[in-house]
Amino acid sequence: MESVVRFRTEGVRLDQAVAEACGVSRSRAQEWIAQGRVQVGEKVVEKPSYRLKGEEVLVVPLEERPFVAPQDLAIPVLYEDEDLLVLNKPAGLLTHPAPGVYTGTVVNALLGRYFPLQEAERPEEVRPGIVHRLDKDTSGVLVVAKHGGALETLARAFRDRLVMKRYLAITEGHPQEGTLIAPIGRHPVERHRMHIGGIAPRYAETEFRILATAGPYALVEARPHTGRTHQIRVHLKHLKAPILGDGVYGRESPHIPRQALHAYELRLPHPRTGRILEFLAPVPGDMVQAWEALGGRWPEGLEREEARGAAGT
């Protein structure tokens, strides 16, 4: 028997409200709305953009038996040995499955080729080898452990802050340079967003440096010393310099279809030998083109996508 979800809210788009209430993606919520599975005030509404006015919303979700299957996805490999795999994750790719999204993730690419299929009550709990994650629209260096021992050792290195992470971002505004310490928690109203303070805030620390400017825009280096969800994006918003193209914490941009954030460099101890490895992911073309479209000049010393990629040292 299909379960029913009921809720009331106002001032929010119908598809957004359904997605948040049911814990699914907005695209899945839009599918349910188009299928007539959503009623507003006892009437079926098939317009995802309908703005709620406090009516009772009734949703009849489509019951699924989701399965995380292996997929052949083209993800560039920066380095690989018997203990770890280092990827250059493209923008637009989720690190692991999320409610309603069970394909087209890094985990799908890992299953079958590197890991056996795994059983889990919830597909989003299938995370073989995932040590850390990057947001869907953030590109760059992503490390995967190839067995349990490596996973435990790498996770400890991240937790003990033995890993150096260096990101590049294009910002609207010039952030204050230096180290920002500002705790981050879940937004009290919009659950898909994080917030300075917010619900159950946790210590968050990021170091910022401006590498170049182009009028009101800046090319910024960010070194997060903690690993909170959306940390760099939230901290830059707090500094009144949101990331270009970030529709959640800033605004969308005609120059780039995603947030202009790239995980450029990662240094970490090898899980078996302890030797320090360094990985660079050349900055993708969309960020370079966006920066040049804004009138910026690309700084010397930063590898671009056209240049030779880096490997472990």
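A salt bridge is a side-chain nitrogen of Lys or Arg within 4 Å of a carboxyl oxygen of Asp or Glu. Searching the whole structure by this rule turns up 20 salt bridges. The model is a predicted one, so local features need pLDDT of at least 70 and side-chain atom pairs count only at pLDDT 80 or more, while totals for chains, interfaces and linings use all residues. Residues are numbered from 1 along each chain as its sequence is written, and side-chain values use heavy atoms, with hydrogens and water left out.

**View 1. R166 and E221 form a salt bridge between distant parts of the chain.** The N to O distance here is 2.8 Å. R166 sits in strand β8 (residues 164-172) and E221 in strand β14, 55 residues apart. Strands (E, at least two residues) and helices (H or I, at least four) are DSSP runs, numbered from the N terminus. Are these two residues buried or exposed? Both R166 and E221 are buried, where buried means under 20% relative accessible area, exposed over 50%, and partly exposed in between (1.4 Å probe, protein chains only).

**View 2. E265 and R267 join their side chains in a salt bridge.** Their N to O distance is 2.8 Å. E265 is buried, at 4% relative accessible area, whereas R267 is partly exposed at 36%. Through shared partners, salt bridges tie R166, R209, E221, R223, E265, R267 and E278 into one network.

**View 3. R133 and D135 make a salt bridge of 3.4 Å, N to O.** R133 counts as partly exposed, with 38% relative accessibility. Its partner D135 is buried, at 11%.

**View 4. T95 is a buried residue in a loop.** This loop runs between β6 (84-89) and α3 (106-110). Why does T95 count as buried? Its relative accessible area is 2%. A polar atom of the T95 side chain lies 2.9 Å from the backbone oxygen of L134. Leaving aside residues up to four places away in sequence, T95 touches nine neighbours to look for: K89, T105, V106, V107, I130, H132, R133, L134 and L142. Contact means heavy atoms within 4.5 Å.

**View 5. The largest nonpolar core holds 48 residues.** A nonpolar core is a set of buried Ala, Val, Leu, Ile, Met, Phe, Trp, Tyr and Cys residues joined through side-chain atoms within 4.5 Å. Which residues have the most contacts inside this core? They are I170, F208, I232, L244 and W291. Strand β14 (residues 217-224) supplies the largest share of the core, five residues. A second, separate core of 18 residues includes Y79, V141, L268 and L277. In soluble globular proteins, nonpolar side chains tend to be buried together.

**View 6. Four strands build an open sheet in the order β1-β4-β2-β3.** The pairing is antiparallel, and two strands pair if DSSP finds at least two bridges between them. β1 (5-13) and β3 (43-44) stand at the edges with a single partner strand each, so one side of each has no neighbour in the sheet. Further in, β2 (residues 38-40) and β4 (residues 51-59) pair over three bridges. One residue to find is V40, whose bridge partner in β4 is V57.

Note on methods: Polar contact = N/O pair within 3.5 Å; in protein donor to acceptor, adjacent residues only side chain to side chain.
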